[in-house]
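User: I would like to go through this model step by step, beginning with the sheet and then turning to the helices that pack on it. Please reason from the structure in each reply and finish on what was asked for.

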Amino acid sequence: MPGTAMIMAAGKGTRMMPLTATRPKPLVEVAGGTLLDHVLDLLADAGVERVVANVHYLPDQIEAHLAGQSDRFTVTISDERA
């Protein structure tokens, strides 16, 4: 069982416009939850304890969303803005 997982959350989601005009692709809602939440649920079910997420497009939204996951994971942000 892997203890750490990398979440690729830096994409702009241009093919999902206009849904991604004001929110990053990982925060688009599908089937009652964000794409990011669906991934996080699967990782929790797999026993992952630490997630590393890269951010670039509208990163503050993703960082804020992941800050609410501290009860389930240790979260590290890989900042790809530069």
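User: In what order do the strands of the open sheet lie?

Analyst: This is a predicted model, and what follows should be read as a description of that prediction. The open sheet has three strands with parallel pairing, and their order is β1-β4-β5.

User: Which strands are the edge strands?

Analyst: An edge strand is one that pairs on one side only, and that applies to two strands here. From one strand to the next the twist averages 20 degrees. The edge strands are β1 and β5.

User: Over how many bridges do β4 and β5 pair?

Analyst: β1 and β4 pair in the parallel sense over five bridges, with Thr4 having Arg50 of β4 as its bridge partner. Strand β4, residues 50–55, is also parallel to strand β5, residues 74–79, and Val52 stands opposite Thr76 of β5. The number of bridges between β4 and β5 is six.

User: What is the handedness of the β-α-β unit made by β4, α2 and β5?

Analyst: Helix α2 spans residues 59–67 and forms the unit together with β4 and β5. The helix lies across these two strands, running at about 165 degrees to β4. The β-α-β unit is right-handed.

User: Why do the buried residues of α2 line one face of the helix?

Analyst: The buried residues of α2 are Pro59, Ile62 and Leu66. Seen down the helix axis, these buried residues fall within a limited arc, so they line one face of α2. On the other side of the helix, Asp60, Ala64 and Ala67 are exposed, and the cover over the buried residues includes α1, β4 and β5. The arc that accounts for the single face is 65 degrees.

User: Which residues touch the most other members of the largest nonpolar core?

Analyst: The largest nonpolar core has 14 residues, and β1, α1, β4 and α2 each supply at least two of them. Ile62, one of the buried residues of α2, is in contact with residues more than four places away in sequence, including Ala9, Leu36, Val55 and Tyr57. The members that touch the most others are Ile7, Leu36, Leu40, Leu43, Val51 and Ile62.

Definitions and conventions
Residues are numbered from 1 along each chain as its sequence is written. This is a predicted model: local features need pLDDT of at least 70, side-chain atom pairs count only at pLDDT 80 or more; totals for chains, interfaces and linings use all residues. Side-chain values use heavy atoms; hydrogens and water are left out. Two strands pair if DSSP finds at least two bridges between them. A crossover is right-handed if, with the strands pointing away from the viewer, the path from the first strand over the helix to the second runs clockwise. A nonpolar core is a set of buried Ala, Val, Leu, Ile, Met, Phe, Trp, Tyr and Cys residues joined through side-chain atoms within 4.5 Å. Buried means under 20% relative accessible area, exposed over 50%, partly exposed in between (1.4 Å probe, protein chains only). Contact means heavy atoms within 4.5 Å. The arc is that of the directions from the helix axis to the C-beta atoms. Axes are lines fitted to C-alpha atoms, for helices over the stretch in contact, and angles run from 0 to 180 degrees between N-to-C directions.
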